[in-house]
Structures are given as C-alpha cells and as structure tokens.
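Thank you all for coming; I would like to take a few minutes to walk through one model, starting from single residues and then stepping back to the chain as a whole. Please have the sequence and the structure open while I talk.

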Amino acid sequence: MFGLSELAVILLVVVVVLGVKKLPELTRSAGKATRIFKSEARALKDDDTRRP
C-alpha cells in the first residue's frame, strides 16, 4: 500500500498545510476519537457475548 517514504511525504504535507500550531490539537483529537472508538467497540463486543 504505502511505503515509509510515502507516509513521510504525506506527514510533511499535513504539517505544512495545517501548520505546526494546529498539529498537537489534531493529534489530541485523533487520540480521543480512537479511545472512544475502542471503548465503544469493547462495549458492543461485551454486549454481544452477554446476549443468548
């Protein structure tokens, strides 16, 4: 799919487009979204195992 060099170029473009000041906010939001997604997936899986 993507190699390391392609991902580095994409990351560089994102930093240039968004700016260095917005990058920490963006990564923080992505981390929160990932945590929420994982917890919802776990809850859904637990709910499926409890139902007969």
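Let me begin with V17, which lies in helix α1; I should say at once that this is a predicted model, and that what I describe is computed from it. V17 has a relative accessibility of 63%, and because the cut-off for exposed is over 50%, V17 counts as exposed.

Which residues join V17 in a nonpolar surface patch? The patch is made by V9, V13, V17, L18 and L26, and its area is about 440 Å². Helix α1, which covers residues 4-18, gives the most to this patch, with 4 residues.

Turning to helix α2, which runs over residues 23-50, I would point you to T49, which is found in this helix. With a relative accessible area of 61%, T49 is exposed, and between the C-alpha atoms of T49 and T34 there are 23 Å in space, for a separation of 15 residues in sequence.

T27 is also a residue of helix α2, but is T27 buried, partly exposed or exposed? Its relative accessibility is 48%, and since partly exposed covers the range between 20% and 50%, T27 counts as partly exposed. From the C-alpha atom of T27 to that of K38 the separation is 16 Å, and these two residues are 11 apart along the chain.

Let me now step back to the whole chain, which has 2 helices and 0 strands. How does its radius of gyration stand against that of a compact globule of 52 residues? Such a globule would have a value near 10 Å, whereas the chain has 17 Å, and the C-alpha trace spans about 50 × 30 × 10 Å along its principal axes.

As for burial, buried residues make up 0% of the 52 residues, and of an accessible surface of about 5000 Å², 67% belongs to carbon and sulfur atoms. Finally, on charge, the chain carries 10 positive and 6 negative charges, and the mean positions of these two sets are 8 Å apart.

Note on methods. Residues numbered from 1 in each chain as written. Predicted model: local features only at pLDDT ≥ 70, side-chain atom pairs only at ≥ 80, totals over all residues. Heavy atoms only, no water. Rg over C-alpha atoms; globule rule 2.2 N^0.38 Å. Buried < 20%, exposed > 50% of the residue type's maximum accessible area, 1.4 Å probe, protein only. Areas by Shrake-Rupley, 256 points an atom, 1.4 Å probe, with all protein chains shown as cover. Lys, Arg positive; Asp, Glu negative; His and termini not counted. Charge placed at Lys NZ, Arg CZ, Asp CG, Glu CD. Patch = residues over 30% accessible without salt bridge, like charges linked within 9 Å, V, L, I, M, F, W, Y side chains within 5 Å. Salt bridge = Lys/Arg side-chain N within 4 Å of Asp/Glu carboxyl O.
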